[in-house]
Structures are given as structure tokens and as C-alpha cells.
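Reader: I'd like to go through this model with you and ask why things are labelled the way they are. Could you show it to me?

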Amino acid sequence: MLAANDGNNRAQYLLGLMFYHGKGGTRDYEAAFKWSKLAADQGFARAQFIVGDMYEKGLGVIQDLEAAFEWYQQAASNGLVIAQSLLGAAYLDGIKVRRNYQKAFEWLKLAADQGDDKAQFLLGLMYYAGNGIARDYKAAFELFNLAAEQGYAAAQFNLTAEQGDAESQFKMGLMYDHGFNVQQDYAAAIKWYKLAAGHGHAMAQNNLGSIYGEGRGVPRDHQTAIAWYRQAANQGTAEAQYNLGSMYKSLQDNIHAHMWWNIAASKGYKDAVANLDLVEMNMTPEEVFKSQKLARICLAKDYKQCN
């Protein structure tokens, strides 16, 4: 405390960090901001990053995203790798700032050269896709390898996916579908899902059904959705069986909706159990009997006769 009061920026940073994490006492964000800001004003990069974080999250100070970004920039300019990686990712994905591939490359390159695994992976993606730079697969895979060697999961998935591993291809599809660690990109998601689906990966087939059924990045196509759901459903995947039933219900085909929900319900899929009661309210006893017969045949024939 004495050193911090005497203006020692490292002591101020460490004191702010103690208040931020509540070490040795009660967490106090206002005190954390006060001491971190004092150190940050003296150019202490780690403190500048903490101040940016607190402005971004509104901890101990009124939330101010512009101020947060300015402090992150100061930290990055003072050589803090994590700030450089964060700025590179922000410029690459257009998060908190307008997308700028040149600035993304500059910041990611600085961080990647200092061993930051996320920056290595994102820079690899830039080379792989040719985002603002010449496409260079050799450079991309060198960077993926560097990140993977440090245990960065996304890079490991990318490498094994390129080598034909269906589970990794599926996970790459998930990443792009939902924007995990990468910019959301439905075209890339479809590419990876289809590669995994081609190896018989049931959840990749199910997720393709969802993409086409909802029209995420592609025109909505119920028949294509049904075809993908059916491939997964025929492997016994309860979620796909439920989704297939829902697709038929949206097309007002109560018999096949009931049939697939019945099959999913037999596997314990709870939403299917609830939907069976609802759809039966709009079916005749003859239609329910027909649906139940179709479900029995489908299961008895191990999904070989499910039409």
C-alpha cells in the first residue's frame, strides 16, 4: 500500500488486481478501478488492459465501450500480447469496431509472433481464407500447428478436420454455425457439416436439417431439411427423430409427425412425449392407429422401412 501511495505503478496495478479479485478481503470494483487507473495513467500496460476490461463490463465504473477500446489500444501499443490478440480479433470479426482486415492482420501478427495461441489460430484463418491478404495454405497450417501444439482446441479441430476426421469436421461446423471463437459463417458451417455428414456423422446430418429447415444462410428448403433429418433419424438419433416429426407437423402431415415423435418418445425424448398428446387432438383414431403401425414397422426393420 505504501509503494502504491508513493506512485509506484506496479504496486498500484497489483493493489488494483487484489481488489478486482477480492484477494485477502472483499472484492471492491471501485477501489480496483481507482488503483488500476492510476497505474494505467502511468503507462502500465497490464493496468491499461484491466481498465479497458472494467469499462467494457461496467465494473466499478459506468460502462463505456469506446473508452474500453481506447484502453485496450493503449495496452496493445505498449506491447501487451493479450490486448494485441483481442484487438486483432475485434478488427477481424467486426466486434466493437468496424471490420478492418489490415489492422486485424497487424495486431494478430504481433501477438502471434509472441506465441499467443488464439492469435496464431485467427491469423491462420486469415491466410486460409485470404481475408485481406493473399491466400497462403502453407502459412495457415504452420500457424494452426503452432496453436495446436499449445493446446488451442479450435486449431486442433481444424487440423484434424482437414485430415478427414468426422468429429473434428462436425465441431468446425458447430464453431462456424454459432460463432464460437470464429466469425459466424453459415456457408463454412454447411461445408464442414457436409464433410462430417458424408462420413455418416448423425449430428452433422441433424444440424444440416436444422440449417435448411430454418433457412440459416440458405433459402429455406423443407424437403432438403427432411432428407438430412431422415439420414440422422435412421441412425437412431432421437433429436433428429423429434426434429423430423416437427418438420412433418409444419407441413401438416400429422401421421408422419406422430410417427417420428412416437419413435423419439420411445427413446425418452421428453418434448416428443408432450407433442404426441397435442397432435393426437387433431387426428382421428384411424390416423393414430396408422401412425403407430408405421412406427412399429420402422423400429422393427431397424429404420429400413420408415416411409
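Reader: Which residues touch the most other members of the largest nonpolar core?

Author: Happy to start there, keeping in mind that this is a predicted model. Phe121, Tyr176, Met259 and Trp260 have that role, in a core of 101 residues.

Reader: What is tryptophan 260 in contact with, leaving aside its neighbours within four places in sequence?

Author: Its partners are Arg230, Ala233, Asn234, Gln241, Leu244, Gly245, Tyr248, Cys298 and Cys306.

Reader: Let's turn to the helices. Why is α6 called roughly antiparallel to α7?

Author: The axes of α6 (residues 81-93) and α7 (residues 101-113) cross at roughly 155°. An angle over 145 degrees counts as roughly antiparallel, so α6 is roughly antiparallel to α7. The two axes come within 7 Å, and α6 passes α7 in a left-handed crossing.

Reader: Which residues make that contact between α6 and α7?

Author: From α6 come Val81, Gln84, Ser85, Leu87, Gly88, Ala89, Tyr91 and Leu92. On the α7 side you'll find Tyr101, Lys103, Ala104, Trp107, Leu108, Leu110 and Ala111. Sorted by class, this contact has eleven nonpolar, three polar and one charged residues.

Reader: What makes α4 roughly antiparallel to α5?

Author: The reasoning is just as short. Helix α4 (residues 45-57) packs on helix α5 (residues 65-77) at an angle of about 165°, with the axes 8 Å apart. Since the cut-off for roughly antiparallel is over 145 degrees, α4 and α5 earn that label. Here α4 passes α5 in a left-handed crossing. Among the contact residues are Phe49 and Tyr55 of α4 and Trp71 and Tyr72 of α5. The classes are ten nonpolar, three polar and two charged.

Reader: How do you know whether glutamate 70 is buried, exposed or partly exposed?

Author: Glutamate 70, which is found in helix α5, has a relative accessible area of 48%. Buried means under 20% and exposed over 50%, so glutamate 70 is partly exposed. The C-alpha atom of glutamate 70 is separated by 7.4 Å from that of glycine 52, 18 residues apart along the chain.

Reader: And why does asparagine 207 count as buried?

Author: Asparagine 207 has 11% relative accessibility. The limit for buried is under 20%, so asparagine 207 counts as buried. This residue lies in helix α13 (residues 202-214). Leaving aside neighbours within four places in sequence, asparagine 207 is in contact with Phe170, Leu174, Tyr193 and Arg216.

Technical notes
Residues are numbered from 1 along each chain as its sequence is written. This is a predicted model: local features need pLDDT of at least 70, side-chain atom pairs count only at pLDDT 80 or more; totals for chains, interfaces and linings use all residues. Side-chain values use heavy atoms; hydrogens and water are left out. Axes are lines fitted to C-alpha atoms, for helices over the stretch in contact, and angles run from 0 to 180 degrees between N-to-C directions. Helices (H or I, at least four residues) and strands (E, at least two) are DSSP runs, numbered from the N terminus. Angles under 35 degrees count as roughly parallel, over 145 as roughly antiparallel, 65 to 115 as roughly perpendicular and the rest as oblique. A crossing is left-handed if the near helix is turned anticlockwise from the far one by less than a right angle, and right-handed if clockwise. Contact means heavy atoms within 4.5 Å. Ala, Val, Leu, Ile, Met, Phe, Trp, Tyr, Cys and Pro count as nonpolar, Asp, Glu, Lys and Arg as charged, and the others, Gly among them, as polar. A nonpolar core is a set of buried Ala, Val, Leu, Ile, Met, Phe, Trp, Tyr and Cys residues joined through side-chain atoms within 4.5 Å. Buried means under 20% relative accessible area, exposed over 50%, partly exposed in between (1.4 Å probe, protein chains only).
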